[in-house]
Amino acid sequence: MADWQIVPAGKHVEAQYVEMKVPLYSYGCEKKIKKALSHFRGIHSVNVDYHLQKVTVWGICNKYDVLATIRKKRREARFWDQMETEVKSKVAEEEADAEKAPRRATISMRKFRKSWKKLLPLVLY
């Protein structure tokens, strides 16, 4: 029973796209992903974009089962939308922290010049 897939029962069951961000280190990883998803019923196609690190699955399937299967091969796999929202939230947090953080005093060039002159003989030899 653990291998069964949960698909909503009804008159209109439509195929869906499941997009995931999966770290791929070689073209062998691409083959592993395709082979792992080949045993699922209802999956019509699996597209792997090596350069974008993106896997797109099209078919009648439960997206959480697809993600769990891919995570057996690559632990860092996540849904594509989830990854984009994480990046946006991190950028927003960094901008908020930058506004709240007090400005640092600039380093006086006099101190910098002295330390640089001390390192000069070490660099030349």
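**Close-up 1. An open sheet of 4 strands, arranged in the order β2-β3-β1-β4 with antiparallel pairing.** In this predicted model, β2 (43-49) and β4 occupy the edges of the sheet, and because each of them has a single partner strand, one side of each is left without a neighbour in the sheet. As a general point, the strands of a sheet pair through backbone hydrogen bonds, in either a parallel or an antiparallel manner.

**Close-up 2. The antiparallel pairing of strand β1 with strand β3.** Strand β1, which covers residues 16-21, is joined by 6 bridges to strand β3, which covers residues 54-59, and the two run antiparallel. Within this pairing, Gln16 of the model stands opposite Gly59 in β3, while Lys21 has Lys54 as its bridge partner in β3.

**Close-up 3. The antiparallel pairing of β1 with strand β4.** Strand β4, made up of residues 78-79, is connected to β1 by 2 bridges, and these strands also run antiparallel. The bridge partner that Met20 finds in β4 is Phe79, and β4 is one of the strands standing at the edges of the sheet.

**Close-up 4. A negative surface patch that includes Glu93.** The patch is formed by Glu93, Glu94, Glu95, Asp97 and Glu99, and Glu93 itself is found in helix α3, which spans residues 80-100. Glu93 has a relative accessible area of 51%, and because exposed means over 50%, Glu93 is classed as exposed.

Definitions and conventions. Residues numbered from 1 in each chain as written. Predicted model: local features only at pLDDT ≥ 70, side-chain atom pairs only at ≥ 80, totals over all residues. Heavy atoms only, no water. Pairing = 2+ DSSP bridges. Patch = residues over 30% accessible without salt bridge, like charges linked within 9 Å, V, L, I, M, F, W, Y side chains within 5 Å. Areas by Shrake-Rupley, 256 points an atom, 1.4 Å probe, with all protein chains shown as cover. Salt bridge = Lys/Arg side-chain N within 4 Å of Asp/Glu carboxyl O. Lys, Arg positive; Asp, Glu negative; His and termini not counted. Charge placed at Lys NZ, Arg CZ, Asp CG, Glu CD. Buried < 20%, exposed > 50% of the residue type's maximum accessible area, 1.4 Å probe, protein only.
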